[in-house]
Each structure stands twice: as C-alpha cells, then as structure tokens.
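Biologist: I am new to this structure and would love a close look at a single part of it. Could you pick one stretch and walk me through it slowly, along with its surroundings?

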Amino acid sequence: MAPDANGTTLHGDNNNQPEKLQPTRLLNGSSPKQPRPASAAAPPVDEDRSARQSLIILAAIFFTSLFAMLYVYAMFPQLDESEKKYLKVPFDIEDAKQLGRVLDRYKDLYNLEVMFGIILVYIFLQTFAIPGSLFLSILSGFLYSFPVALTLVCFCSALGATLCYLLSQLVGRRLVKYYFPERAHHWANQVDRHRDDLLSYMLFLRMTPFLPNWFINLVAPVIGVPLYPFALGTFLGVAPPSFIAIQAGKTLYKMTSSSDAFSWGSITMLAAFSVVALVPVIFKRYFKTKID
C-alpha cells in the first residue's frame, strides 16, 4: 500500500493480479440474464428427433416386409374361390383348422411352396411381435412329422426373434430410452447383475409364461443382453413349449381352443425343464458361497 499525493492510501495487489470485475446491473437493479449454452437445450430436441426417425424407419421396414408377404401370397398356387378366404394368418383355433384343411390339400403337390409360406409368415410374426405364431406351431404339427415340425418351429422362432432383436436394437433402443428412461435403466442394472448366467436365464424365460416372447425380443437389446446367448437361448428354450404345441397339432380337429394344448402334464413338464435350466446358476452360487 502506498499513499497518493493527497495522503490517502491506495490499496494495491501485491501479486499484481487484475481486479475482478463486478457483474453489471441493469437500471432496475437486476442482473442481466446470462445466455443458456446451446448444448443445454439441444439434447431434448435431438432425442425427440431421434425418436421420430426411429418410428419412420420402423414403419418403412414393416411396410416393406408386408409388401413382400403380399407378393408371396400372389405367387401362391391357384386356389379355389371357396378356399381363398381361409388363406390367412390364424388368430384362433378355428382359423387354424380351416387353414390346415387348405394347406393339407396342396401340401403334396406344392410341398416347398407351402413350407416356405409357413416359414415366411412365422418369421414375419416373430419379427414384428405380432400374435399368431402359437397357431402356426400347432399347424406345423398337423402338417408335418414331429422332427420336421420341431426343427421348423425352433428355427423360425430363433430367426424371427433374432430379427426382432436387431430391429429393436436399431430403433427400439432409442424409443424405450426416450419414453421409459427409468425403467430401461432398472432393467439394465438387472442384466449386469446376472451377466454371467444370461443363457440360463434366457432358457428359463422362454420355457415359462412369466414374460411373453414378444416382450423379451423387444427389451433384450435395450437392456444389454448380447446376441449370442439371446439367439441360442431362444432356439433351445422354445423347444419344450413347441413340443407341446406340435403334439397338440396331431389332434387339431379335436381342439376347441389353444388352451387345449396345455394340460397339467404339459405344464408340469415345462416347470421341470425351467428348473433344469437354472441348475447351473444354483450350483454356481452354492459353490461360490462355500468358497467365500
């Protein structure tokens, strides 16, 4: 500090640091509003735009696949006028019976066309999480021998579920995180805790009715389930329920509803298979507890 010419003391900064400027105030005494960074408002806009783009992509893929289905329908062998109305996706047991009669008549002459049509429709339903694949499993058991029908159903289920997984990974991840961010975060934490046993859990979920298959297909990529355990778990896990549906197809004309396929014996069998799927997890935790 040094006195000036009038004897007053000047306060200086020994470190020669520049004096901090006070924020400018307006005439009414209020501070001017600082401009918000552009990045603060950008994420909601970007997320909204991303969600809209995802919906557009999903709609484009769906309608492209639908046009492909219509093309296959147009290329199907010529049917009698009385039979054309039955050539549709079965959504109840009566539809399955009528479609079974039509396809059984044409199967011997157009075996590849009929099988390819069933495979394509099955994969289409699985890919876009549309109900009706159960009736196609029953119909496969009616039309084909047990080994052929089981291989066909497991293959179509695994391939369709994998395509649904990839589709959800492409557009569904952004939609779920945009509309259900907290729930997606919770599911992801659950997967992280069981990441070493995802194959066993996938087998368990496919064999039990706790979660519908379409829900598993859509949510799996969002919560971080890898593709390999998802696809392998689907192929192996759908075998026991498909076994029951295919067996029911052998008595298709005697069925009155899809619930006729699941007796107490079949439910007990599914419960036993689901417990077997979790045996590796139980043993792993048991031995880990002993070691700790």
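**A close look at helix 5 and its surroundings**

Modeller: Happy to! Let us start at the loop between helix 4 (111-127) and helix 5, where Ala129 lies. Please keep in mind that this is a predicted model. Ala129 has a positive phi of about 55°, although Ala129 is not a glycine. With a relative accessible area of 23%, Ala129 is partly exposed, because that value is not under the 20% that counts as buried.

Now follow the chain into helix 5, which covers residues 133-143. Ten of the eleven residues in helix 5 are buried, so this helix is largely enclosed by the rest of the structure. Among these buried residues are Ser133, Phe135, Leu136 and Ser137, and the list also includes Ile138, Leu139 and Ser140. Towards the end of the helix, Gly141, Phe142 and Leu143 are buried too. For comparison, 35% of the 292 residues in the protein chain count as buried.

What does helix 5 meet? A good place to look is Tyr122, which is found in helix 4. Tyr122 is buried, with a relative accessible area of 3%. Leaving aside residues up to four places away in sequence, Tyr122 touches Ser133, Leu136 and Ser137, and those three residues are among the buried ones of helix 5. An α-helix has 3.6 residues a turn, so residues three or four places apart point the same way. Tyr122 and Ser137 are 15 residues apart along the chain, and their C-alpha atoms are separated by 8.7 Å.

The contacts of Tyr122 also include Val153, Cys156 and Ser157. Val153 gives us a link to another part of the chain, since Ser242 touches Val153 as well as Leu150, again not counting residues up to four places away in sequence. Ser242 has its place in helix 11 (residues 239-249). Like Tyr122, which is buried, Ser242 is buried, and its relative accessible area is 5%.

Finally, let us step back to the protein chain as a whole. Its secondary structure comes to 13 helices and two strands. Among contacts between residues at least 6 apart in sequence, 75% join residues at least 24 apart. The chain exposes about 18400 Å², with carbon and sulfur atoms supplying 64% of that area. If you return to the part we began with, the picture is a partly exposed Ala129 in the loop that leads from helix 4 to helix 5, followed by a helix that is largely enclosed by the rest of the structure.

How values were computed: Residues are numbered from 1 along each chain as its sequence is written. This is a predicted model: local features need pLDDT of at least 70, side-chain atom pairs count only at pLDDT 80 or more; totals for chains, interfaces and linings use all residues. Side-chain values use heavy atoms; hydrogens and water are left out. Helices (H or I, at least four residues) and strands (E, at least two) are DSSP runs, numbered from the N terminus. Buried means under 20% relative accessible area, exposed over 50%, partly exposed in between (1.4 Å probe, protein chains only). Contact means heavy atoms within 4.5 Å. Accessible areas come from the Shrake-Rupley method with a 1.4 Å probe; for residues, only the protein chains shown count as cover.
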